[in-house]
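Visitor: I'm new to reading protein models, and I'd like a close look at one part of this one. Could you put it on the screen first?

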Amino acid sequence: MAAAAPPPPPSPAPEAPNDVPRGSTPRGHPLFARIRLALPTDVPHIHKLIHQMAVFERLTDQCIATEASLSSTLFTSPPFQSFTIFVLEASHTPFVEHLQYNNPAYPPITKVVNLDLPINDPDRDLFRSNGGVLGGDACVAGFVLFFPNYSTFLAKPGFYIEDLFVRECYRRKGLGKMLLSAVAKQAVKMGYGRVEWVVLDWNVNAIRFYEEMGAKILQEWRICRLTGDALNAYVNA
């Protein structure tokens, strides 16, 4: 019996159209992130972030900040001379240039993070940003508040980070690193000697993250604080 005819050769795989540039479309689920200087109009979002942070740190009994008190104490000095806030925004669509955010002291920085799965943000509408993207789907995902301090040993100013917070659904995406890196980069740009902050001893994930960023945990130091009645007792000192 004659041998069976060999199967036909496989059809060549279709080629991508030549008019589509390589790398033009992000793979997976792109998340567009932007860091910019906060504005007074961001105070409602900042207040909500502070409350979420207090819940996470189990310190809600100590959190008495209001939108009014934040508005009256922040934004009283030029950026980096006193209290400064970077706002982290996230969007499913690319950011577009917005004159409102083009502060020459700190032009916004953007980054695209390619995720395997899309982010489910149950509070997206609650944290919807003031604009700046096509389609207007940007939301505030986190913030960092910092201000200058001084090292007598280095004879240089530095930055002290009071708070750094990323909302839960945006964590472990590199966005906290993006915020911390932005502060450190600004310190280097200004010729500052160091950046400092504190971390709760039970927050092992944060401790590991900071160590991976190159930070040294100073076990031998303790925080000393005067506040409330203990501070007010000095009114007539």
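Visitor: What percentage of the contacts in the protein with a separation of 6 or more comes from residues 24 or more positions apart? And once we have that, where is S91 found, and what do its side chain and the residues around that spot get up to?

Guide: Before we dive in, this is a predicted model, where local features need pLDDT of at least 70 and side-chain atom pairs need 80 or more, while totals for chains, interfaces and linings use all residues. Residue numbers start from 1 along each chain as its sequence is written, and side-chain values use heavy atoms, leaving out hydrogens and water.

Your percentage is 76%: that share of the contacts with a separation of 6 or more comes from residues 24 or more positions apart. A contact here means heavy atoms within 4.5 Å. For the overall layout, picture five helices and six strands, running β-α-α-β-β-β-β-α-β-α-α along the sequence. These are DSSP runs numbered from the N terminus, with helices being H or I of at least four residues and strands being E of at least two. Of the 237 residues, 32% are buried. Buried means under 20% relative accessible area, exposed means over 50%, and partly exposed is in between, using a 1.4 Å probe and protein chains only.

Now to S91. You'll find S91 in strand β2, which covers residues 84–91. With a relative accessible area of 0%, S91 counts as buried. Sequence distance can fool you here: P30 is 61 residues away along the chain, yet the C-alpha atoms of P30 and S91 are 8.9 Å apart.

The S91 side chain makes polar contacts, which are pairs of N or O atoms within 3.5 Å; within protein, one atom must be able to donate a hydrogen and the other to accept it, and residues adjacent in sequence count only if both atoms are side-chain atoms. One goes to the backbone oxygen of T93, at 2.8 Å. Another runs side chain to side chain, linking S91 with D137 at 2.4 Å.

D137 also turns up in the contacts of R124. Setting aside neighbours within four places in sequence, R124 touches A90, H92, D137, A138, C139 and Y170. R124 sits in the loop between β3 and β4, and its 12% relative accessibility makes it buried.

Back in strand β2, E89 has a partner of its own. E89 pairs with R36 in a salt bridge, with the closest N and O atoms 3.1 Å apart. Since E89 is in strand β2 and R36 is in strand β1 (residues 29–37), this pair ties together parts that are 53 residues apart in sequence. Both E89 and R36 are buried. A salt bridge, by the way, is a side-chain nitrogen of Lys or Arg within 4 Å of a carboxyl oxygen of Asp or Glu. E89 and R36 also belong to a network of salt bridges that includes R34 and D42. By this rule, the count for the model is seven salt bridges.

Let's follow two more of them. D121 and R167 form a salt bridge whose closest N and O atoms are 2.7 Å apart. D121 is in the loop between β3 (109–115) and β4 (139–151), and R167 is in the loop between β5 (156–166) and α3 (175–189), so this pair joins parts 46 residues apart in sequence. D121 and R167 are both buried. The salt bridge between R128 and D125 also has its closest N and O atoms 2.7 Å apart, but look at the surroundings. R128 is partly exposed at 31% relative accessibility, whereas D125 is exposed at 61%.

Last stop: some backbone angles. Most residues other than glycine have a negative phi. F75, in the loop between α2 (67–73) and β2, has a positive phi near 60 degrees. F75 is partly exposed, at 30% relative accessible area. Over in the loop between β4 and β5, A155 also has a positive phi, near 55 degrees.
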